[in-house]
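Grab a coffee and work through these exercises with the model open beside you. Try each task before you read its solution.

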Amino acid sequence: MALLSLDDEAQPSAGAFKTQNTRLQPQLQEPEADLDRLRKSGRSHPQEQRRQQQQQQHHSICPRCQETMLLATFKLCAGSSYRHVRNMKGLRHQAVLAIGQELNRMALGGPTPSGWINQVRRRSSLLGSRLEDTLYSDQELAYIQQGEEAMQKALGILSNQEGWKKENQQANGDKVLSKVVPDVGKVFRLEVVVDQPVERLYEELVEHMEAMGEWNPNVKEIKVLQKIGKDTVITHELAAESAGNLVGPRDFVSVRCAKRRGSTCVLAGMATHFGEMPEQKGVIRAEQGPTCMVLRPLDASPSKTKLTWLLSIDLKGWLPKTIINQVLSQTQVDFANHLRKRLESSPAPEARC
């Protein structure tokens with residue numbers, strides 16, 4: 001019995017190749033002839049039509065996919081427009097993930113084009129707020145939150161009209177009220193009307209805050225230690241000694257927040273800790289807050305301002321309550337008088353609240 005080598009089994013003979021080639025030749029020639037006849041007649045062969053359709057499908061994107069790609073591109077461009085985020089590690093990876101997630105949602109049945117427009121509006125607002133948060137450190141965000149909490153708490157105290165007692169009443173209508181608030185202590189409330197528009201007071205009390213020592217004898221110096229965003233600042237205030245040295249030198253480190261609600265401006269603050277401003281030798285570190293000033297146009301005369309100042313201070317040290325009450329209520333009355341003189345003596349620059 002003859003044995004075949006592996007090469008003999010694997011390789012067919014030349015005659016076999018010739019036979020197979022002869023059988024296949026007509027099959028290969030017939031489609032080519034058909035294609036020539038179809039091209040001359042202006043029609044396309046079914047196979048060529050399928051090939052063209054596949055190419056069109058490969059290079060075209062369905063409308064929903066186009067919307068998805070545009071949405072993902074929008075996210076990427078919005079993130080890149082923030083210079084602090086341009087070099088953020090993983091941003092490209094997040095964009096790729098966003099594209100994949102949107103495609104998956106579209107495959108399962110996504111929103112219509114009109115719904116997608118509203119979706120972009122909502123997501124762009126959310127994306128902007130998230131990117132805005134990334135511009136601040138954790139400590140800065142804590143300061144912002146503390147300032148907003150001080151504002152809410154102070155406004156809550158002012159909104160409660162019950163329990164206020166008169167401490168001081170001036171002939172011009174200025175008055176100081178007080179009451180005891182649980183977990184806060186005794187607070188004082190100044191109510192005055194100033195013959196200046198809200199914008200003028202805002203400019204003096206907020207934008208020119210550091211100049212207060214020039215016109216208020218009760219303040220030696222106010223210095224802005226750090227500004228966070230457009231609404232929040234950290235300040236150091238050195239108070240002057242009271243008349244007769246009843247109260248020695250005090251200083252305050254505070255977070256302050258300024259907001260506008262319609263035609264009303266609210267300036268709020270409370271004590272905070274700032275590592276770069278430790279306690280000073282010979283000066284007692286007092287604490288204030290929650291405290292706030294509310295500026296709003298007078299209903300009968302919009303060119304005038306109704307100013308309400310909530311004052312809450314812990315002066316620290318060993319001081320009788322009667323002295324503290326006298327000093328704080330008089331401080332508010334003096335502030336109103338000095339503020340009027342300042343506004344009357346200085347020109348009114350253009351300002352916005």
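A residue counts as buried under 20% relative accessible area, as exposed over 50%, and as partly exposed in between. Keep in mind that this is a predicted model.

**Exercise 1. Sort three loop residues**

Task: work out whether Lys 316, Asp 183 and Ser 263 are buried, partly exposed or exposed.

Solution.
- Step 1: Lys 316 has a relative accessible area of 31%, so that makes it partly exposed. You'll find Lys 316 in the loop between strand S12 (313-314) and H9.
- Step 2: Asp 183 comes out at 81% relative accessibility, so it goes down as exposed. Its place is the loop between strand S2 (175-181) and S3.
- Step 3: Ser 263 has 40% relative accessibility and therefore counts as partly exposed. Ser 263 is in the loop between S6 and S7.

Now check the backbone of two of them. Lys 316 isn't a glycine, yet its phi is positive, near 60 degrees. Asp 183, not a glycine either, has a positive phi of about 70 degrees.

**Exercise 2. Look around Ser 263**

Task: which residues is Ser 263 in contact with, once its neighbours within four places in sequence are left aside?

Solution.
- Step 1: the contacts are Val 198, Leu 295, Arg 296 and Pro 297.
- Step 2: Val 198 is one of the buried residues of H8.
- Step 3: try a C-alpha distance too. Ser 263 and Glu 199 are 64 residues apart along the chain, and their C-alpha atoms are separated by 9.6 Å.

**Exercise 3. How is H8 covered?**

Task: say how many of the ten residues of helix H8 (residues 198-207) are buried, and find what covers them.

Solution.
- Step 1: seven of the ten are buried, so to speak of H8 as mostly covered is fair.
- Step 2: the buried ones are Val 198, Arg 200, Leu 201, Tyr 202, Glu 203, Glu 204 and Leu 205.
- Step 3: the cover includes strands S3 (185-194), S6 (250-261), S7 (264-271), S10 (291-297) and S11, along with helix H9 (321-345).

**Exercise 4. Check the length and faces of H7**

Task: what span should the 22 residues of helix H7 (residues 138-159) have, and how far apart are its end C-alpha atoms?

Solution.
- Step 1: take 1.5 Å times one less than the number of residues. For H7 the expected span is 32 Å.
- Step 2: the end C-alpha atoms are 32 Å apart, which agrees.
- Step 3: list the buried residues of H7: Glu 140, Tyr 143, Ile 144, Gly 147, Ala 150, Met 151, Ala 154, Leu 155, Ile 157 and Leu 158.
- Step 4: look down the axis of H7. The buried residues fall within an arc of 160 degrees, so they line one face of the helix.
- Step 5: turn to the face away from the buried side, and you meet the exposed residues Asp 138 and Ser 159.

**Exercise 5. Hunt for aromatic pairs**

Task: how many aromatic pairs does a search of the whole structure find?

Solution.
- Step 1: the search finds three.
- Step 2: one of them joins Tyr 143 and Phe 274, 6.4 Å centre to centre with 40 degrees between the planes, and is tilted. Tyr 143 sits in helix H7 and Phe 274 in the loop between S7 and strand S8 (284-285), 131 residues apart. Both residues are buried.
- Step 3: Trp 215 and Phe 335 have ring centres 6.0 Å apart and planes at 45 degrees, so this pair is tilted. Trp 215 is in the loop between H8 and strand S4 (219-228) and Phe 335 in helix H9, so the pair ties together parts 120 residues apart in sequence. Trp 215 and Phe 335 are both buried.
- Step 4: add Trp 309 to Trp 215 and Phe 335 and you have one aromatic cluster.

**Exercise 6. Judge the confidence**

Task: which elements of the chain have the lowest and the highest mean pLDDT?

Solution.
- Step 1: start with the whole chain, where the mean pLDDT is 75 and 59% of residues reach 70 or more.
- Step 2: helix H1 (residues 6-10) has the lowest mean, 39, and strand S11 (residues 305-311) the highest, 97.
- Step 3: over residues 1-31 pLDDT stays under 50, and the model has two contacts beyond four places in sequence for them.
- Step 4: residues 110-121 are also below 50, and this stretch has 13 contacts beyond near neighbours in sequence.

Definitions and conventions. Residues are numbered from 1 along each chain as its sequence is written. This is a predicted model: local features need pLDDT of at least 70, side-chain atom pairs count only at pLDDT 80 or more; totals for chains, interfaces and linings use all residues. Side-chain values use heavy atoms; hydrogens and water are left out. Helices (H or I, at least four residues) and strands (E, at least two) are DSSP runs, numbered from the N terminus. Buried means under 20% relative accessible area, exposed over 50%, partly exposed in between (1.4 Å probe, protein chains only). The arc is that of the directions from the helix axis to the C-beta atoms. pLDDT is the predictor's confidence in each residue, from 0 to 100. Contact means heavy atoms within 4.5 Å. Rings of Phe, Tyr and Trp (its six-membered ring) pair if their centres lie within 6.5 Å; planes under 30 degrees apart count as stacked, over 60 as edge-to-face and the rest as tilted.
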